[in-house]
Amino acid sequence: MSKQAWLASIPLNQLSQVQINTSPLRVASFWYHFSVFAADFLCLALPLLQSHTNRSYVAQTVDEELGHGEPSQVHSVLLLEALEQAGIDKQELIAYPTTELDDILNSLRNKLLNSKNDYEVAGFFLGFELLAEHNISHVFECLQPYNCAREELLETPYFQEHFKVEPEHIRRALTMGLNCCSDEHQIKAMIHNYHHGIVFWNRFWNVVHQDILEANQQLGSQQDYALKLPSLLTVS
């Protein structure tokens, strides 16, 4: 994973520079857009699964994303509240253009819908979840230097919930993946779709930080550091 996922492998000094230079409104808007997509994506996976056990793993994560049936506890709603605490205006966030993300989300959605068995779906679930802690920490660090004390942002229900449940989401995804595969063909197919998930995350963060990448390219060797976002991985 560390050789393929930019967010897990970028040196800490470079990651810190990315976080400092990121527009909080941009990362907030793109992450909110993804947060709404995440619940839909997981719901699409449910009818593709044949095993009741595997379906229950994904269903537990869907239930948590949707606030256990409480509309006020839906994770995308909690996210809006946390972003408001961080000084992000809700109307500006909603109005911020995120069309660059649509093709990336649609590509992952379509690849999931082409899955024909549980181990292929498990690969997507694993790729979707395995970087969860990295992602949440990155979003938090991109927001916290601005307009909000670190402790206050950390205490919001959204970040309290996600720093608590993401390790469990990862455990479920790993357990499901291990339970699905009984031969080498199934393992390879699962890993193949896991790679699609890593490609998705690399493309996602490339788009979020595109303004930084472009600025870095313009400055070139004048910088003391080189912010090199990942070359997009290709999976045939």
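This is a chat between a trainee and a mentor about a predicted model.

Trainee: Hi! Let's start with charges. How many salt bridges are there in the whole structure?

Mentor: A search of the whole structure turns up 7 salt bridges. One of them joins the side chains of Glu100 and Arg26, with N and O 3.5 Å apart.

Trainee: Which helices do Glu100 and Arg26 sit in?

Mentor: Glu100 belongs to helix α7 (residues 99–113) and Arg26 to helix α3 (residues 24–45), so this pair ties together parts that are 74 residues apart in sequence.

Trainee: And is Arg26 buried or exposed?

Mentor: Arg26 counts as buried, because its relative accessibility is 8% and the cut-off for buried is under 20%. Its partner Glu100 is partly exposed, with a relative accessible area of 40%.

Trainee: Okay, what does Arg172 pair with?

Mentor: Arg172 makes a salt bridge with Glu64, and their closest N and O atoms are 2.7 Å apart. Arg172 is in helix α11 (residues 157–180) while Glu64 is in helix α4 (residues 52–65), so the bridge ties together parts that are 108 residues apart in sequence.

Trainee: Are Arg172 and Glu64 buried or exposed?

Mentor: Both Arg172 and Glu64 are buried.

Trainee: What about Arg171, which residue does its side chain meet in a salt bridge?

Mentor: That would be Glu168, at 2.5 Å from N to O. Arg171 and Glu168 both lie in helix α11, 3 residues apart, or about one turn of the helix. Arg171 is partly exposed at 42% relative accessible area, and Glu168 is also partly exposed, at 27%.

Trainee: Which residues are linked in a network of salt bridges?

Mentor: Glu64, Glu168, Arg171 and Arg172 are linked in a network of that kind.

Trainee: Switching to cysteines: how many disulfides does the structure hold?

Mentor: The count is 0 disulfides. Take Cys181, which is in no disulfide: the nearest cysteine sulfur belongs to Cys180 and is 6.1 Å away, whereas a disulfide needs the two sulfur atoms within 2.5 Å.

Trainee: Is Cys181 buried or exposed?

Mentor: Cys181 counts as buried, at 17% relative accessibility. Cys43, on the other hand, is partly exposed, with a relative accessible area of 32%.

Trainee: Now the inside. Which residues touch the most other members of the largest nonpolar core?

Mentor: Trp31, Phe204 and Trp205 do, in a core of 70 residues. Helix α3 gives the most to this core, with 11 residues. In soluble globular proteins, nonpolar side chains tend to be buried together.

Trainee: Then what is Phe204 in contact with, leaving aside its neighbours within four places in sequence?

Mentor: Phe204 is in contact with Phe30, Trp31, Phe34, Leu101 and Ile104, once those neighbours are left aside.

Trainee: Last topic: how many cavities of 30 Å³ or more are there?

Mentor: There are 2 cavities of 30 Å³ or more, and the largest has a volume of about 170 Å³. It is lined by 17 residues, and the closest to its centre are Trp31, Phe34, Ala38, Glu65 and Glu166.

Trainee: Which helix gives the most to the lining of the largest cavity?

Mentor: Helix α3 gives the most to that lining, with 5 residues. At least two lining residues come from each of α3, α8 (118–129), α9 (132–143) and α11. You can look back at Trp31 here, since this residue has turned up in both topics: Trp31 is among the core members with the most partners, and also among the residues closest to the centre of the largest cavity.

Definitions and conventions
Residues are numbered from 1 along each chain as its sequence is written. This is a predicted model: local features need pLDDT of at least 70, side-chain atom pairs count only at pLDDT 80 or more; totals for chains, interfaces and linings use all residues. Side-chain values use heavy atoms; hydrogens and water are left out. A salt bridge is a side-chain nitrogen of Lys or Arg within 4 Å of a carboxyl oxygen of Asp or Glu. Helices (H or I, at least four residues) and strands (E, at least two) are DSSP runs, numbered from the N terminus. Buried means under 20% relative accessible area, exposed over 50%, partly exposed in between (1.4 Å probe, protein chains only). A nonpolar core is a set of buried Ala, Val, Leu, Ile, Met, Phe, Trp, Tyr and Cys residues joined through side-chain atoms within 4.5 Å. Contact means heavy atoms within 4.5 Å. On a 1 Å grid over the protein atoms alone, a cavity is a set of points where a 1.4 Å probe fits but cannot get out, and a pocket is an open set with protein on both sides within 12 Å along at least five of seven lines; lining residues have an atom within 4 Å of a point. Grid points are joined across faces, edges and corners, and a volume is the space filled by probe spheres set on the points.
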